[in-house]
Amino acid sequence: MSDTGVAGNVLDVEKIRKDFPILSQSVRGKPLIYLDNAATTHKPISVIERVRNFDAEKYGTVRRGTYKLSEHATQLYEEVRQKVADFMGAEKKGEIVFTSGTTQAINLVAHSFGKRFVNEGDEIVISNIEHHANIVPWQVLCEERGAKLKVIPVDDDGELVMEEYEKLLSPKTRMVAVNHVSNALGTINPIKEITQKAHAVGARVLIDGAQSTPHIKLDVRDIDCDFYTFSGHKMYGPSGIGGVYGKMELWEEMPPYVTGGDMIMQVTLEKTTYAKPPARFEAGTPPITQVMGLGAAIDYLNEIGMDKIADYENSLLEYGTRLFKEIEGVRIIGNARRKASIISFFSDSAHPHDMVHFLDQDGIACRGGHHCAQPTMIRYGVPATTRASMAFYNKPEELDALAESVQKCIRIFS
Ligand code: PMP
């Protein structure tokens, strides 16, 4: 432990930072302090190199060519699917469907599962602290199918009210869709308990894992959820790639969402039969290069170890929370007992948009806004928050600099 209490013995952060070329730059004459990791993360050199090497030497189309380049690219592509399956704890690699990210993954499940399993009078349950990506697709589905959307309330600290959740469940519930970690508050939701309770009434469960996959060691079989989504660009990989784990028995029953090439068994001008999952849900040429980058990102995370990442980031979060609790005029929005890597805060003195502009002058990249979670902002009576979201390459000194800059901002704006 350093004198900040941050577990420097868990990870060699200075060594890790050397793996991320972008972090060594200056912004407005100050060293870049990157604290917008919940929006997107930076890439280690191993990801950048894997992508470069693939494009320079191995690039080819997948799942169709019968020549060497294409066959090899297909093999590498399927190896990444296996890597993702192992990373998430899935039983079969075919349970992983690649998408462009979490948004597309939730849309895929909402449309496809909804078409097959949701009918008039059925109910879908989400929570009050979801990203818009886990709200809008379900609203659209409910409108289309004549189903009803129910919302789990959240308490003043940012924790779901589990007694109220139980009251929402009934044999009419078809799907419970909640995040593992809230991007606006950092709350870690009790997803195993949520899943058990949903299954008890025969409902299925989708977990939005966009914010958890970079921070928490996963085991989808232990959670027993039916779907679990992720985004590569929040896991130190490229943008444009992500995916969703789903139980094979469900994928097999679900109709395609996007249709066209590659997702078919046979096409005649009269009728089309569909390929088995996962191909049924991956129409068209996939983002081949990005898949390779995702594979490298998972290798990198595995090399460091998700347990170590969680330990280090937890101590960083504790340190930052202590700092922010001492700043006069600042209110932390989201004080759940279990949180991951996010400090969202509000000050009456400076609007978050002014605050982040001010921080930027000090080379600090933070997000100010509603974080695509407007219902969360409404619940806490704020128009927006400033959000510092951490990764394992952040240092306690960077949080000191953030706290100092925030205090300076409040003094000037007051
Ligand atoms: N859900 C959550 C909790 C998120 O934080 C995000 C990204 N901010 C998304 C969904 C959407 O992910 P993507 O933009 O990668 O599709």
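## A tour of the predicted model

Select S341 to begin: this residue sits in the loop that runs between β13 (331-332) and β14 (342-346). Keep in mind throughout that the model is predicted. Check the backbone of S341. Its phi is positive, about 55°, although S341 is not a glycine.

**A cis peptide bond**

Next, select P277 and P278. The peptide bond joining P277 and P278 is cis, with omega at about 5°. P278 belongs to the loop between β12 (272-274) and α10.

**Helices α3 and α10**

Follow the chain into α10, residues 288-304, and add α3, residues 68-88. At what angle do α3 and α10 pack? The angle is about 40°, and the axes are 9 Å apart. That makes α3 oblique to α10. Look along the pair for the handedness: α3 and α10 cross in a left-handed manner.

Now show side chains. From α3, display A73, L76, Y77, V80, K83, V84 and F87. Opposite them, α10 supplies V291, M292, L294, G295, I298, D299, L301 and N302. Colour this contact by class and you get 11 nonpolar, two polar and two charged residues.

**Helices α2 and α3**

Keep α3 on screen and add α2, residues 45-58. Here the packing angle is about 155°, with 11 Å between the axes. An angle over 145 degrees counts as roughly antiparallel. That makes α2 roughly antiparallel to α3.

Which residues make this contact? On the α2 side, pick R50, F54, E57 and K58. On the α3 side, pick L69, H72, A73, L76 and K83. The contact of α2 with α3 divides into four nonpolar, one polar and four charged residues. Leave A73, L76 and K83 highlighted. These α3 residues meet α10, and they also take part in the contact with α2.

**The ligand**

Hide the helices and centre on the ligand. Which residues surround the ligand? Select T102, T103, H131, A133, N183, D208, A210, Q211, S231, H233 and K234.

Then put distances on three of these residues.

- T102: a backbone N or O atom lies 3.4 Å from an oxygen atom of the ligand.
- Q211: a side-chain N or O atom is 2.6 Å from an oxygen atom of the ligand.
- H233: a side-chain N or O atom is 2.7 Å from an oxygen atom of the ligand.

For T102 the atom to pick is in the backbone. For Q211 it is in the side chain, and for H233 it is in the side chain too.

**V161 and its loop**

Go to V161. This residue lies in the loop between β6 (148-152) and α6 (162-168). What does V161 touch, leaving out residues up to four places away in sequence? The list is I152, P153, V154 and D155. Add S127 and draw a C-alpha to C-alpha distance. V161 and S127 are 9.6 Å apart in space and 34 residues apart in sequence.

**Helices α12 and α14**

For the last stop, select α12 (residues 352-361) and α14 (residues 396-413). They pack at about 125°, with axes 10 Å apart. α12 and α14 are therefore oblique to each other. The crossing of α12 past α14 is right-handed, whereas that of α3 and α10 is left-handed.

Show the contact residues. α12 brings D354, M355, F358 and L359. α14 brings L402, S405, V406, K408, C409, I410, I412 and F413. By class, the contact of α12 with α14 holds nine nonpolar, one polar and two charged residues.

Note on methods
Residues numbered from 1 in each chain as written. Predicted model: local features only at pLDDT ≥ 70, side-chain atom pairs only at ≥ 80, totals over all residues. Heavy atoms only, no water. Axes fitted to C-alpha atoms, helices over the stretch in contact; angles between N-to-C directions. Helix = DSSP H or I, 4+ residues; strand = E, 2+ residues; numbered from the N terminus. Parallel < 35°, antiparallel > 145°, perpendicular 65-115°, else oblique. Left-handed = near helix turned anticlockwise from the far one by under 90°. Contact = heavy atoms within 4.5 Å. Nonpolar A, V, L, I, M, F, W, Y, C, P; charged D, E, K, R; others polar. Near = heavy atom within 4 Å. Polar contact = N/O pair within 3.5 Å; in protein donor to acceptor, adjacent residues only side chain to side chain.
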